[in-house]
Amino acid sequence: MAQSKFEYVRKFETEEKLLPNCWIVVRIDGRAFHQFSTKHNFKKPNDESALALMNKAASVVMNEFKDIVLAYGQSDEYSFVLRKDTALYNRRGPKIMTYLSSLFTSSYVYHWNQFFKETKLKYPPAFDARVVLYPSDQNLRDYLSWRQADCHINNLYNTTFWALVLKGGLTNNEAEKRLCGTLSSDKNEILFSEFNTNYNNEPEMFKKGTILIRKRIKSPKHGKARLVILPLHEDLIQDKFWEKNSEILAIKTAQLYEWPEESPLPSLVLSQLHIGEFDRDKEIVIIEETD
Ligand SMILES: Nc1nc2c(ncn2[C@@H]2O[C@H](COP(=O)(O)OP(=O)(O)O)[C@@H](O)[C@H]2O)c(=O)[nH]1
Ligand SMILES: [Mg+2]
């Protein structure tokens with residue numbers, strides 16, 4: 001077919017391919033979420049529905065892109081780790097990054113009503129994205145440890161700050177001054193002695209963020225093992241997490257996860273098993289399995 005005289009402009013396009021044999025991390029972060037959270041009345045310091053919506057959007061991304069071996073989220077950010085040998089889109093960085101971030105964003109909007117029944121979405125949220133390559137397993141672990149440490153530091157600060165403001169009657173400025181130069185131990189002490197709050201007893205999702213990994217779990221309906229994306233709120237800085245879930249760095253198939261019988265399965269998992277419907281106002285509604 002004859003080419004038009006304009007065809008030459010294609011030569012200006014560049015193909016940015018990511019280095020082989022490196023872990024690929026795509027991190028997305030909400031644009032101006034300080035404002036977005038205020039406009040949508042997010043609970044301070046943590047809004048469970050907002051975090052659950054982030055987890056839902058991330059699980060949609062992970063379900064679509066099977067080469068994601070782990071995702072980690074906290075606050076308005078999510079990191080997606082792609083297996084180091086992925087050939088996804090020929091390892092074209094911008095293509096991977098933009099697909100992941102646009103699917104995340106559209107899923108966030110698509111599922112908004114499911115998590116915020118009373119609050120209408122007032123304007124379209126946006127998420128930026130970046131790609132980072134990590135050549136060694138240790139680099140990747142250190143990256144994820146950095147994000148989880150960030151979650152802990154921010155959450156301890158925010159929990160104390162909002163206790164001082166909402167329960168202690170301080171203004172934002174006064175609370176900020178009070179916390180200036182304090183250590184973690186000081187914040188723990190303020191929470192304990194002034195607000196009768198033991199920080200250790202705060203919800204794990206707030207303290208640790210959310211780790212999404214692929215596991216097989218026994219369906220409570222018929223006991224057969226099913227592959228699911230499992231949300232965990234555990235310490236990933238310690239070796240223990242990586243020993244328990246050694247298939248992640250080894251890039252092996254998902255292992256069976258023994259979910260403790262006494263605790264209910266998270267709704268994110270129930271919906272994947274087609275045996276539950278997520279309804280924030282009611283108990284989980286068990287419906288017939290469809291597959
Ligand atoms: N109230 C509330 N705010 C949140 C929550 N999660 C995230 N945010 C807000 O989102 C911001 C995220 O930080 P950052 O990305 O640095 O700020 P941004 O540039 O405004 O998006 C936080 O500083 C909070 O203001 C939440 O669960 N509750
Ligand atoms: Mg942000």
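Helices here are DSSP runs of H or I with at least four residues, strands are E runs of at least two, and both are numbered from the N terminus. The model is predicted, so local features need pLDDT of at least 70 and side-chain atom pairs count only at pLDDT 80 or more, while totals for chains, interfaces and linings use all residues. Residues are numbered from 1 along each chain as its sequence is written, with chains lettered from A and ligands numbered from 1 in the order in which they are written.

**Exercise 1.** Work out which elements build the shell around ligand 1.

Solution. Start with the residues: there are 14 around ligand 1, and Phe-33, His-34, Ser-37, Phe-42 and Asp-47 come nearest (a residue is near if its C-beta atom, placed from the backbone, lies within 6 Å of the molecule). Next, look for elements that give two or more residues; these are strand 1 (23-30), helix 1 (33-39) and helix 2 (48-64). Helix 1 gives the most, with three residues. Finally, sort the shell by class: you get five nonpolar, five polar and four charged residues (Ala, Val, Leu, Ile, Met, Phe, Trp, Tyr, Cys and Pro are nonpolar, Asp, Glu, Lys and Arg charged, and the others, Gly among them, polar).

**Exercise 2.** Are the annotated "binding site" residues Asp-29, Gly-30 and Asp-76 gathered or spread out?

Solution. The residue list comes from UniProt, where an unreviewed entry puts a "binding site" at Asp-29, Gly-30 and Asp-76 (positions use the numbering here, feature names are shortened, and annotations may be inferred rather than shown by experiment). They span 48 residues in sequence, yet no two of their C-alpha atoms are more than 5.7 Å apart, so the three gather at one spot. Now place them: Gly-30 is in strand 1, and Asp-29 lies in strand 1 too. The unreviewed entry also has a "binding site" feature at just Asp-29 and Asp-76.

**Exercise 3.** Describe how helix 2 packs on helix 3, then do the job for helix 5 and helix 6.

Solution. Two packed helices are described by the angle between their axes and the distance between the axes. For helix 2 and helix 3 (residues 93-110), the axes come within 8 Å and cross at roughly 135 degrees (axes are lines fitted to C-alpha atoms over the stretch in contact, with angles from 0 to 180 degrees between N-to-C directions). That makes helix 2 oblique to helix 3 (under 35 degrees is roughly parallel, over 145 roughly antiparallel, 65 to 115 roughly perpendicular, the rest oblique). Their crossing is right-handed (the near helix is turned clockwise from the far one by less than a right angle; anticlockwise would be left-handed).

Over to helix 5 (residues 137-167) and helix 6 (residues 172-179): they pack at about 130 degrees, axes 9 Å apart. Helix 5 and helix 6 are therefore oblique to each other, and helix 5 passes helix 6 in a right-handed crossing.

**Exercise 4.** Track down the backbone oddities at Pro-45 and Asn-21.

Solution. Check omega: the peptide bond from Lys-44 to Pro-45 is cis, with omega near 0 degrees. Pro-45 sits in the loop between helix 1 and helix 2. Then check phi: Asn-21 has a value near 60 degrees, positive in a residue other than glycine. Asn-21 belongs to the segment before strand 1.
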